[in-house]
Amino acid sequence: QVRLVESGGGLAQPGGSLRLSCTASGRIFGVEDMAWYRQAPGKQRELVAGITRQGITNIIESVKGRFTISRDNAQNTVFLQMDGLKPEDTAVYYCWAQLVWPRILDVYWGQGTQVTVSS
């Protein structure tokens, strides 16, 4: 069974750090773009950061300079390093990935991991 497994969420104080990980597991031929989204209570899900297989990244303005996205292609894993956390970063964070097989490309979502920033 193919799935995305996330880890690393939790509680952090303002100014603190957390590191999220997401690994694609199962019978996978390849992984193309990967990304992190988040959804705060009462708000729509938004893209936080994305990264191509070649390592080209994009990141939203509100987290630039604080969050870093990276990946390990050999492990089919994407990371989100979150530094300088603010209360407004509180949300459920979801991993997203394009998984490929011969002549097939499909999009998968992780189950979500809660990030809470509070003193």
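Here are three short exercises with worked solutions on this predicted model.

**Exercise 1.** Work out which residues are joined with Asp89 into one salt-bridge network, and whether Asp89 is buried or exposed.

*Solution.*
- Step 1: Start with Arg38, which pairs with Asp89 in a salt bridge whose closest N and O atoms are 3.0 Å apart. Arg38 sits in strand E4 and Asp89 in the loop between strands E8 and E9, so this pair ties together parts 51 residues apart in sequence.
- Step 2: Now try Arg66, which also makes a salt bridge with Asp89, this time at 2.7 Å between the closest N and O atoms. Arg66 is in the loop between strands E6 and E7, so here the parts tied together are 23 residues apart in sequence.
- Step 3: Check the cover. Asp89 has a relative accessible area of 1%, and buried means under 20%, so Asp89 is buried. Arg66, at 13%, counts as buried too.
- Step 4: Put it together: shared partners join Arg38, Glu46, Arg66 and Asp89 into one network.

**Exercise 2.** Decide whether Glu61 and Lys64, another salt-bridge pair, are buried, partly exposed or exposed.

*Solution.*
- Step 1: Glu61 has 61% relative accessibility; the cut-off for exposed is over 50%, so Glu61 is exposed.
- Step 2: Lys64 comes out at 46%, which makes Lys64 partly exposed.

**Exercise 3.** Describe what lines the largest pocket.

*Solution.*
- Step 1: Look at the size: the volume is about 190 Å³.
- Step 2: Find the lining, which has 13 residues; Arg38, Ala40, Lys43, Glu46 and Glu88 lie nearest the centre.
- Step 3: Sort the lining by type: seven residues are charged, four polar and two nonpolar.

Methods: Residues are numbered from 1 along each chain as its sequence is written. This is a predicted model: local features need pLDDT of at least 70, side-chain atom pairs count only at pLDDT 80 or more; totals for chains, interfaces and linings use all residues. Side-chain values use heavy atoms; hydrogens and water are left out. On a 1 Å grid over the protein atoms alone, a cavity is a set of points where a 1.4 Å probe fits but cannot get out, and a pocket is an open set with protein on both sides within 12 Å along at least five of seven lines; lining residues have an atom within 4 Å of a point. Grid points are joined across faces, edges and corners, and a volume is the space filled by probe spheres set on the points. Ala, Val, Leu, Ile, Met, Phe, Trp, Tyr, Cys and Pro count as nonpolar, Asp, Glu, Lys and Arg as charged, and the others, Gly among them, as polar. A salt bridge is a side-chain nitrogen of Lys or Arg within 4 Å of a carboxyl oxygen of Asp or Glu. Helices (H or I, at least four residues) and strands (E, at least two) are DSSP runs, numbered from the N terminus. Buried means under 20% relative accessible area, exposed over 50%, partly exposed in between (1.4 Å probe, protein chains only).
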